[in-house]
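Please open the model in a viewer and keep the selection panel at hand. The tour below proceeds from one selection to the next and states what is found at each stop.

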Amino acid sequence: MPDIALRAENLERRFGGLRAVAGVSLDVRRGEIHAVIGPNGAGKSTLINLLSGDLAVTAGDILLDGRSLRRLGPDRRGRLGIGRAYQKTTIFGASSAFENARLAVQARAGRPLALWPRRRAEQATDGLAEAALAAAGLAARGGIRADRLSHGEQRQLEIAMVVAGGAHVLLLDEPLAGMGTEEARTITALIRSLKAGRAVLLVEHDMDAVFALADRLTVMADGRVIASGSPQEVRRDQHVRTAYLGH
Ligand code: ADP
Ligand code: MG
């Protein structure tokens, strides 16, 4: 039995007459990167918003370890371990990278540290924040103001904050967008390292990165799944090649 962390069942979201997500089912297993690809307007970001709770579903369900999330808001889902890297919105530019990571630890699932003696809680918080920065390749950058970090380092910091928050299901919407080649390489390696013990859903346009990272792939078009399987299976799918990969 695959170890399924997150499952979407017949998810649907309408905007007026438009079915942006029109009956999508997929699962994300612990220890894997499941990539979702498809042309602009396919419904990929809407799918992520439904999974994170930023958008309400019109129909269908979302299960985290078998438990329905359908009626829970994004904060509750976050406390249950669903982490989403927003583009910059969670970073406080005037605070250091370390301070941002500390804030993410303090907001983490269940707040177990709140019950500890203050000094021990502070030490534990610092330790978790340092570990998250190190895991994201920012060990030497903790003292830098977040708004002085490069574009790529800010993306690394967002990921560090999701990790610091204790997430075990990660939702990443185009993490490589706007990155230079070198930055993209760093973020790609970072994403690969995240799947140990976690389930990662990755929406990404950079096909080199997708085929380098994904354990499984789902292809969407017009709100629907048009193909899914291993990267090799999807690459061979003639329908996907003509509809999307363009050859
Ligand atoms: P993708 O991320 O694959 O490019 P989106 O999920 O952003 O696609 O969009 C899917 C479709 O839903 C598009 O036609 C888009 O215009 C529409 N859409 C997305 N968000 C909204 C919204 N808040 N209101 C109305 N239409 C939306
Ligand atoms: Mg999108």
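## The shell around ligand 1

Begin with α1, which supplies the largest share of the shell around ligand 1, namely three residues. The model is a predicted one. Next, select the full set of residues around the ligand: Phe 15, Leu 18, Ala 20, Gly 38, Asn 40, Gly 41, Ala 42, Gly 43, Lys 44, Ser 45 and Thr 46. Two or more of these residues come from each of β2 (18-29) and α1 (44-52). Colouring the shell by class gives four nonpolar, six polar and one charged residues.

## Helix α1

Keep α1 selected and consider its surroundings. Is this helix mostly covered or mostly uncovered? It is mostly covered, eight of its nine residues being buried. The buried positions are Lys 44, Thr 46, Leu 47, Ile 48, Asn 49, Leu 50, Leu 51 and Ser 52. Move just past the end of α1 to Gly 53, where phi is positive, at about 95°.

## The four-stranded sheet

Select β2, β1, β4 and β5, which in that order form an open sheet with antiparallel pairing. At the edges stand β2 and β5 (67-68); each has a single partner strand, so one side of each lacks a neighbour in the sheet. Within this sheet, β1 (residues 4-15) pairs with β4 (residues 59-64) in the antiparallel sense over five bridges. To inspect this pairing, select Ala 8, which stands opposite Ile 62 in β4. Then restore α1 to the view: the helix packs on this sheet and touches β1, β2 and β4, its direction making about 115° with that of β1.

## The six-stranded sheet

Now select the strands of another open sheet, whose order is β6-β7-β8-β3-β9-β10 and whose pairing is mixed. Which strands stand at its edges? They are β6 (82-84) and β10 (224-229); each has a single partner strand, so one side of each is left without a neighbour in the sheet. From one strand to the next, the twist averages 20°.

At the β6 edge, three bridges join β6 to β7 (residues 169-173), and the two strands run parallel. Selecting Gly 83 shows this residue opposite Leu 170 in β7. Helix α6 (residues 181-194) packs on the sheet, where it touches β3, β7 and β8 and makes an angle of about 145° with the direction of β8. Return once more to α1, which lies across β3 (33-37), β6, β7, β8 (199-203) and β9 (216-221) and runs at about 150° to β7.

## Two individual residues

Select Ile 37, located in strand β3. Why does Ile 37 count as buried? Because 25 C-beta neighbours lie inside 10 Å of Ile 37, and the threshold for a buried residue is 20 or more. Contacts of Ile 37, leaving aside residues up to four places away in sequence, are Val 210, Leu 217 and Val 219. Extend the selection to Met 207: Ile 37 and Met 207 are 170 residues apart in sequence, whereas their C-alpha atoms are 8.6 Å apart in space.

Finish at Gly 78, which belongs to helix α2 (residues 74-79). Gly 78 is buried, with 21 other C-beta atoms within 10 Å. Beyond residues up to four places away in sequence, Gly 78 touches Gly 83 and Gly 165. A distance label drawn from Gly 78 to Arg 108, C-alpha to C-alpha, should read 8.2 Å, although the two are 30 residues apart in sequence.

How values were computed
Residues numbered from 1 in each chain as written. Chains lettered and ligands numbered in written order. Predicted model: local features only at pLDDT ≥ 70, side-chain atom pairs only at ≥ 80, totals over all residues. Near = placed C-beta within 6 Å. Nonpolar A, V, L, I, M, F, W, Y, C, P; charged D, E, K, R; others polar. Pairing = 2+ DSSP bridges. Axes fitted to C-alpha atoms, helices over the stretch in contact; angles between N-to-C directions. Contact = placed C-beta atoms within 7 Å. Buried ≥ 20, exposed ≤ 12 C-beta atoms within 10 Å, placed from the backbone.
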